[in-house]
Amino acid sequence: AVTVTFLGDKPGLHTGAGRVHAGQVRVDTLQVETGPGQGTLITRREGLALAAPLARQPDSHKGSHGHVAVLGGAPGLRGAAVLAALGAQRSGAGKVSLGTPDGWQPDSGQHPNLMSLAARQRPPDIDVWVVGCGLGQTRESRKALQALLANPSVPQVIDADALNLVAQDSSVAHALRYGSQPRVLTPHPLEAARLLGTTTAVIQSDRIAAALRLAARFGSVVVLKGAGTVCADPAGHWAIVEAGSAALATAGTGDVLAGVIGGLIAQGLPAASAACLGSFV
């Protein structure tokens, strides 16, 4: 399918069901000059520009590229945390550590590239936390999340079960809302609906508005996943990521995304830039 749209591009053609129906979008300006749009469409050109600050100096070393700590991986969900950790490493993070609320540690034979965190360990050299991937929703998981949110010394990427715990517990939500460090929330539409106390249908009916509401409510950068992922920040800026396909509709890809975003933040990208670039990647 090909859609020709006039004067300027339209956000609805690039996200949600609009992306399904529009197909390839072509813009005919009718030779009329228009002002800049409200949002940004993240294509390969924008992705390369966002990645430019990550260029490495020849004399750099692992300490130059940040340390990501992943907290997740409850029993039966270990793989989610491992996927997030590997995503952080593949994005270029210098060091990656993995810990779980119950103290499980990854097999060093299978994953010799990952360091382990003892239960409740908080090393001083962490640059960003990725929390929630396979975290579970037990009392132990809740306590681990609350402890992390209560001491926001570095940026955090909040995903999956951590988002569900925020939706369930007002004290956790309060700690998230009033944190002093940049945070990136990465909900899929159902998680976004839980956080806003509404339905998935409402979220999908206006994905940009939903992402902006979440960003304002929690004072965080938001990545609303799905066809035409929407990234929004508390200042009201938003972008649609023109990348991805239905091949990503499988368990684990969201965990990888959270790790990639964490890895980009650890290397020095601002949270909003890391959210857009990570989603594009």
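Begin by selecting Asp-102 and Arg-78, whose side chains meet in a salt bridge with an N to O distance of 3.1 Å. Asp-102 sits in the loop between strand 5 (95–99) and strand 6 (115–116), while Arg-78 belongs to helix 3, so the pair ties together parts that are 24 residues apart in sequence. Both partners are visible from outside to some degree: Asp-102 is partly exposed at 34% relative accessible area, and Arg-78 is partly exposed at 21%. Please bear in mind throughout that this is a predicted model.

**Further salt bridges**

How many salt bridges does the structure hold? The count is five. In general, side chains of opposite charge can pair when their charged atoms come close.

Select next Asp-169 and Arg-142, which form a salt bridge whose closest N and O atoms are 3.1 Å apart. This pair links distant parts of the chain, as Asp-169 is in the loop between helix 5 and helix 6 (170–177) and Arg-142 is in helix 4 (residues 139–150), 27 residues apart. Asp-169 has a relative accessibility of 16% and therefore counts as buried.

Then turn to Arg-45 and Glu-46, whose side chains meet in a salt bridge of 3.2 Å, N to O. Is each partner buried or exposed? Arg-45 is exposed, with 65% relative accessible area, whereas Glu-46 counts as buried at 19%.

**Helix 3 and Leu-83**

Return to helix 3, which covers residues 78–90, and select Leu-83 within it. Leu-83 counts as partly exposed, its relative accessibility being 33%. Display the residues around Leu-83: leaving aside neighbours within four places in sequence, Leu-83 is in contact with Gly-252, Asp-255 and Val-256. A further selection to make is Cys-133, which is 50 residues from Leu-83 in sequence and 8.6 Å from it in space, C-alpha to C-alpha.

**Helix 5 and Leu-165**

Now select residues 160–168, which make up helix 5. This helix is mostly covered, with seven of its nine residues buried. Which residues of helix 5 are buried? They are Ala-160, Asp-161, Ala-162, Leu-163, Asn-164, Leu-165 and Val-166.

Within helix 5, choose Leu-165. Its relative accessibility is 0%, and Leu-165 therefore counts as buried. What does Leu-165 touch, not counting residues up to four places away in sequence? Its contacts are Leu-135, Gly-136, Gln-137, Ser-141, Arg-142, Leu-145 and Val-172. Arg-142, among these contacts of Leu-165, has already appeared as the salt-bridge partner of Asp-169. To place Leu-165 relative to helix 3, select Leu-86 also: Leu-165 and Leu-86 are 79 residues apart in sequence and 24 Å apart in space, C-alpha to C-alpha.

**Two residues with positive phi**

Remain in helix 5 and select Ala-160. Ala-160 has a positive phi of about 50° although it is not a glycine. Most residues other than glycine have a negative phi. Ala-160 is buried, with a relative accessible area of 15%.

For a second case, select Gln-31, in the loop between strand 2 (24–28) and strand 3 (40–42). Gln-31 is not a glycine, yet it has a positive phi of about 60°. Is Gln-31 buried or exposed? Gln-31 is exposed, with a relative accessible area of 81%.

**A nonpolar surface patch**

Select Val-2, Val-4, Phe-6, Leu-7, Leu-30 and Val-32, and show the surface. These residues form a nonpolar patch, with about 510 Å² of accessible area together. Val-2, one of its members, is found in strand 1, residues 2–6. With a relative accessible area of 48%, Val-2 is partly exposed.

**The largest pocket**

The last stop is the largest pocket, which holds about 730 Å³ of space. Its lining consists of 29 residues. Which residues lie nearest its centre? Select Lys-225, Leu-248, Thr-253, Gly-254 and Leu-257 to find them. The elements that give two or more residues to the lining are helix 10 (253–266) and helix 11 (271–280). Helix 10 provides the largest share of the lining, namely six residues.

Methods. Residues numbered from 1 in each chain as written. Predicted model: local features only at pLDDT ≥ 70, side-chain atom pairs only at ≥ 80, totals over all residues. Heavy atoms only, no water. Patch = residues over 30% accessible without salt bridge, like charges linked within 9 Å, V, L, I, M, F, W, Y side chains within 5 Å. Areas by Shrake-Rupley, 256 points an atom, 1.4 Å probe, with all protein chains shown as cover. Salt bridge = Lys/Arg side-chain N within 4 Å of Asp/Glu carboxyl O. Helix = DSSP H or I, 4+ residues; strand = E, 2+ residues; numbered from the N terminus. Buried < 20%, exposed > 50% of the residue type's maximum accessible area, 1.4 Å probe, protein only. Contact = heavy atoms within 4.5 Å. 1 Å grid on protein atoms, 1.4 Å probe; cavity = no way out; pocket = protein on both sides within 12 Å on 5 of 7 lines; lining within 4 Å. Points joined across faces, edges and corners; volume = space filled by probe spheres on them.
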